[in-house]
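Here are my notes for someone opening this one for the first time. Have the viewer ready, and take the points in order.

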Amino acid sequence: MSPLDSAPAAATETEAKERVIALVGPPNVGKTTLFNGLTGGRAKIGNYPGVTVEFAEGRLSGADHLRIIDLPGLLGLEPRGADSKVTLDVISGRSEALPKPDTLVIVVDAGQLKRQMPFVLKILGLGIPSIVALNMADLAIRDGFAFDAEALERALGVPVVLTTAPRKAGRSDIEKALLEGGRVAADDLPSARDLASLAITQEPEGDQFTAGIDRVLLHPVAGLVILAAILFFVFQAVFAWSAWPMDQLDRAVVGLQTAIEGAMPDNWLRSLVVDGILAGVGSVVIFLPQILILFFFILVLEMSGYMARAAFLTDELMRRAGLSGRAVIPLLSSFACAIPGMMAARTMESERDRLVTILVAPLMTCSARLPVYAVLIAAFIPNRLVGPFNLQGLVLFGLYLAAVVSGLLVALVLKKTVAGGQTQRLVMDLPSYKWPQPKDLLIGLWRRALIFLRRAGTIIFTVSIVLWVLVSYPGDTLRESFAGRIGSVIEPLFRPIGFTLEMVIALIPGLAAREVAVGALGTVYAVQNAEENQESLAAVLQNEWSLAAALAFLAWYVYAPQCISTIAVARREMNSGRWTAFMVGYLFALAYVAAGLTYWIARALGA
Amino acid sequence: MSAPIPLPSLKNGQKATILALRGEDALTAQLADNGFVPGEAVWIVRRGLIGGTPLAVQLGRAVIALRRDEALAIEVEPA
């Protein structure tokens, strides 16, 4: 069993009374690494009710009565954004999800002690028993710092320990302090500046390593070129490296389907399992490799400190589009899948910016659209060269470009209208560069995988069953089924934009996950194994569809919110039914108008 | 002694000392929480391509990104 696996063992009867310890500290002080070290990576991830801020909870290795909570980063006692609000609620005992901590571990970056000392004093002023951890002490000492922890401990009246979170030896002092418990700070504390000069006995010049790298990476031109190159590489990797594992997953699902088909009698239950659940859940699980590869890069970029630089470089561009530099990562992630993209938006401080980012995330062309694009482009766009470029490739690029431009325009319109209000402040640390800790990376990936499988999995599971019923009953053909009947009812609505009954029917199962539409088109036209046999489906489509209708279908797919899991996650992340309805509504409206315009313009041009 | 100027008026790499924070309370409180307090030494490391914003500001051993409007709230005295 993996050491990452699983929640802590159920609370056993221990002699010692359970104590709740919360880690609080500014962002980028290595709090999560400390948490992972103390708990041995055995943690369960929770969500605060009402807001979608995650917290991790575990127990001190070897001392099960010490319950440790890792709280989101905090800079002062004023809430700025959902994250810091949650932290303040928990430490003041106002949270419903978590008990008031018995002890606070105030984690600061040893190398930034002077700057973070006022924060330490503010938290100590709350009167909660505390321990002060000067974290990343090894890096600070390597840079030329020397500390007198005992002097600071005497002055504050609370335990002060130096910690090097990734190493066991670097955690022994804090583990001892945790077992002994925290203390309430003395009443009349010296000023932050005096305390800092008491604790820091030797201070080096600036961080030459980080400054040197930043001269290149933050360069107004070279920095942007490097950022573009990194992003290009990440995108290539997300597609190139995922091909093999996705193939294997696909094969495993098909193998399972075949095995069950052989093992079970041909009845409704077999069809439900094979065509409903396995096909539906399988179509989502197949994206796990892409999501893991994408998050691998996101985590590496984040842990190394580069992500903040990416936000720095793009901030002004994004601000002009009504967003902020911090929206870059969520939006880029949405090209793999809008679900991790929306989840990545949690780090954004301004609720308005976060809302707009989530609202436009579905416009970034996710990988599930690719199968649909691929089939239609292969069928309708001639495979020839236009200048040095392949025409099919150009059309595909055009579809992506249309989506990005639309996304930025929608963001701008939203900011100017419904989601206006104060612009977010940037004020953001550019942390010093460091190597990502492999253990943190693995734990981070494991958590992302779990969240993806749990959320998307449960929803898709349910929807798959519902859709299976809709396409399977009543009658023997899709046309006679509920889905077929629903298709006939709504078909008049789609006739003005050139969609035929078959196209409309294929849209319905496509609601679960976009790529399902390929299979559905296959079923409608009774092409066996349409997904494997794209050429024959392409041939049928060429006969049945006009070019104008095919282009309209592509335009529809650029915009339409055809994915139940995305909508469900958007609902969770925005915590608002109204905004979710708005998102679905505006996307459908855009899709309808875009498909209609495409159809009639193509017709006018003689397609 | 040089005259006080807003932080964005510094040249890249020109060292200065923070004199005061002026502006909206929420902004000055946030800047103070980030360590921008009178007496600290600062200089500008890099500026963004478009409109010279945001600014990467060296503050002690930290580098902090500020938009131009935010940095205008910091009054400095060039060294």
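Which residues of chain B does UniProt place in the feature "domain: Ferrous iron transporter FeoA-like"? That feature sits at residues 5-78 of chain B, according to an unreviewed UniProt entry. Keep in mind as you read on that this is a predicted model.

1. **The annotated stretch.** Over residues 5-78, chain B is 18% helix and 41% strand. Follow the stretch from one end to the other and you will find its end C-alpha atoms 8 Å apart.

2. **The fold of chain B.** You can tick off two helices and six strands here. Starting from the N terminus, the order reads β-β-α-β-β-β-α-β.

3. **Overall dimensions of chain B.** What would you expect for the radius of gyration of a compact globule with 79 residues? The expected value is near 12 Å, and chain B has 11 Å, so the two agree. Along the principal axes, the C-alpha atoms of the chain fill a box of roughly 30 × 30 × 25 Å.

4. **Inside and outside of chain B.** Of the 79 residues in chain B, 56% are buried. Take the contacts in this chain with a separation of 6 or more: 59% of them come from residues 24 or more positions apart. As for the outside, the accessible surface of chain B is about 3200 Å², and carbon and sulfur atoms account for 55% of that.

5. **A cis bond to look at.** Most peptide bonds are trans. Check the one joining Thr53(B) and Pro54(B), though: this bond is cis, with omega at about -5°. To find the spot, go to the loop between β3 (41-47) and β4 (55-59) of chain B, where Pro54(B) lies.

6. **Where chain B touches chain A.** Gln30(B) is a good place to zoom in. This residue belongs to helix α1 (residues 25-33) of chain B. Is Gln30(B) buried or exposed? Its relative accessible area is 5%, so Gln30(B) is buried. Setting aside neighbours within four places in sequence, the contacts of Gln30(B) are Arg80(A), Glu349(A), Arg425(A) and Val427(A).

7. **Val427(A), seen from its own chain.** The last of those partners deserves a second look. Most residues other than glycine have a negative phi. Val427(A) has a positive phi, near 20°. You will find Val427(A) in the loop between α18 (391-416) and β12 (428-430) of chain A. With a relative accessibility of 4%, Val427(A) counts as buried.

8. **Another positive phi in chain A.** Met136(A) is not a glycine, yet its phi is positive at about 55°. Look for Met136(A) in the loop between β6 (130-135) and α4 (137-142) of chain A. Its relative accessibility is 12%; the cut-off for buried is under 20%, so Met136(A) counts as buried.

9. **A nonpolar patch on the surface.** Which residues make the nonpolar surface patch of about 520 Å²? They are Trp268(A), Leu269(A), Val469(A), Tyr473(A), Phe482(A) and Ile486(A). Helices α11 (268-285) and α20 (482-494) of chain A each supply at least two of the patch residues. Leu269(A) is in helix α11, and at 36% relative accessibility Leu269(A) counts as partly exposed.

Terms used: Residues are numbered from 1 along each chain as its sequence is written. Chains are lettered from A and ligands numbered from 1 in the order in which they are written. This is a predicted model: local features need pLDDT of at least 70, side-chain atom pairs count only at pLDDT 80 or more; totals for chains, interfaces and linings use all residues. Side-chain values use heavy atoms; hydrogens and water are left out. Patches are made of residues with over 30% relative accessible area and no salt bridge: like charges are joined within 9 Å, nonpolar side chains (Val, Leu, Ile, Met, Phe, Trp, Tyr) within 5 Å. Accessible areas come from the Shrake-Rupley method with a 1.4 Å probe; for residues, only the protein chains shown count as cover. A salt bridge is a side-chain nitrogen of Lys or Arg within 4 Å of a carboxyl oxygen of Asp or Glu. Helices (H or I, at least four residues) and strands (E, at least two) are DSSP runs, numbered from the N terminus. Buried means under 20% relative accessible area, exposed over 50%, partly exposed in between (1.4 Å probe, protein chains only). UniProt positions are given in the numbering used here, feature names are shortened, and annotations may be inferred rather than shown by experiment. The radius of gyration is taken over C-alpha atoms; the globule rule is 2.2 Å times the number of residues to the power 0.38. Contact means heavy atoms within 4.5 Å.
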